[in-house]
Amino acid sequence: MSDWFSQLLGEVKDVAPTLVGAAGTALSGGNVAVGGVLASLVRKLTGTGADGNIQDAAKAILEDSDKLNQFRLQARQLELDELKLRTADVQDARKTLTVSNGAIIVSIIVLVAYGVSCWFVMFHAVPVGSQNLAYLLLGNLGTGFGMVLTFWLGSSLGSKNKDAIMGQYIAAARADQTARAKGAA
């Protein structure tokens, strides 16, 4: 038996590479939420209920060029929606800069301190009695460096919004898994 769902994913990888990659991971036991979203889209386009066989629904789309084009278009829209979420996540971090320059100043201090500490540990002999303290300081500054990167590349609020949407995807994936389990029985 051919894996029609995998073939269908192959048909849209050029328009929705992020979703197809995540759905491919879902097929191998990874992120089931994205696989569930695309499976829900397949069922929606074919009118197949949650009890229907996803392989038969995928085959029906592959055999109908209009449905395949519709699937490609809607998968692309889902891809764009996911990109908007990621962009909003980064933009939320940028909004704080309109209020204060504190984030910039703290970021510069942490980055300079981390860089100087790395340079010092690599190019100077740290006294034996101070090695533990130097490594503790370097570790803490490394953590601060990671926090600075997190701040500038994405924020908690955007991640929270993304998590809420992914929660909806997870619910769809669970419904899909339940339907598959009933179909296999």
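**Exercise 1. Classify F145, then work out what kind of ring pair it forms with Y114 in this predicted model.**

*Solution.* Start with exposure. F145 has a relative accessible area of 27%, so this residue is partly exposed. Its partner Y114 reaches 23% relative accessibility and therefore also counts as partly exposed.

Next, take the geometry. Two values describe a pair of aromatic rings: the distance of the centres and the angle of the planes. By the pairing rule, the count comes to two aromatic pairs. In one of them, the ring centres of Y114 and F145 are 4.9 Å apart with the planes at 20°, so the pair is stacked. Finally, place the pair on the chain: Y114 sits in helix 6 and F145 in helix 7, 31 residues apart, so to speak a link between distant parts of the chain.

**Exercise 2. Find the geometry of the pair W119 and F123, and how they are placed along helix 6.**

*Solution.* The centres are 6.4 Å apart and the planes make an angle of 45°, which makes this aromatic pair tilted. Planes under 30 degrees apart would count as stacked and over 60 as edge-to-face. Along helix 6, W119 and F123 are four residues apart, so about one helical turn separates them. As for exposure, W119 is partly exposed because its relative accessibility is 45%, while F123, at 59%, counts as exposed.

**Exercise 3. Check the length of helix 6, then locate its buried side.**

*Solution.* Helix 6 runs over residues 102-123, which is 22 residues. At 1.5 Å a residue the expected span is 32 Å, and the end C-alpha atoms lie 31 Å apart, which agrees. Now list the buried residues: S107, V110, S117 and C118. They share one side of helix 6, because they cover an arc of only 110° around the axis. Helix 7 (131-153) is included in what covers them. On the face turned away from the buried side you will find the exposed residues I109 and F123.

**Exercise 4. Describe the largest nonpolar core and the surroundings of I61.**

*Solution.* First, the setting: the protein has eight helices and zero strands, and 30% of its 185 residues count as buried. The largest nonpolar core holds 22 residues, and F5, L8, L38, L41, V42, I61 and F71 have the most contacts inside it. Helices 1, 2, 3, 4 and 5 each supply at least two residues of this core; helix 3 gives the largest share, six residues. Now zoom in on I61. Setting aside neighbours within four places in sequence, I61 is in contact with L8, V42, L45, T46, K67, L68 and F71.

Methods: Residues numbered from 1 in each chain as written. Predicted model: local features only at pLDDT ≥ 70, side-chain atom pairs only at ≥ 80, totals over all residues. Heavy atoms only, no water. Expected span 1.5 Å × (residues − 1). Buried < 20%, exposed > 50% of the residue type's maximum accessible area, 1.4 Å probe, protein only. Arc of directions from axis to C-beta. Contact = heavy atoms within 4.5 Å. Core = buried A, V, L, I, M, F, W, Y, C linked by side-chain atoms within 4.5 Å. Phe/Tyr/Trp six-rings, centres within 6.5 Å; stacked < 30°, edge-to-face > 60°.
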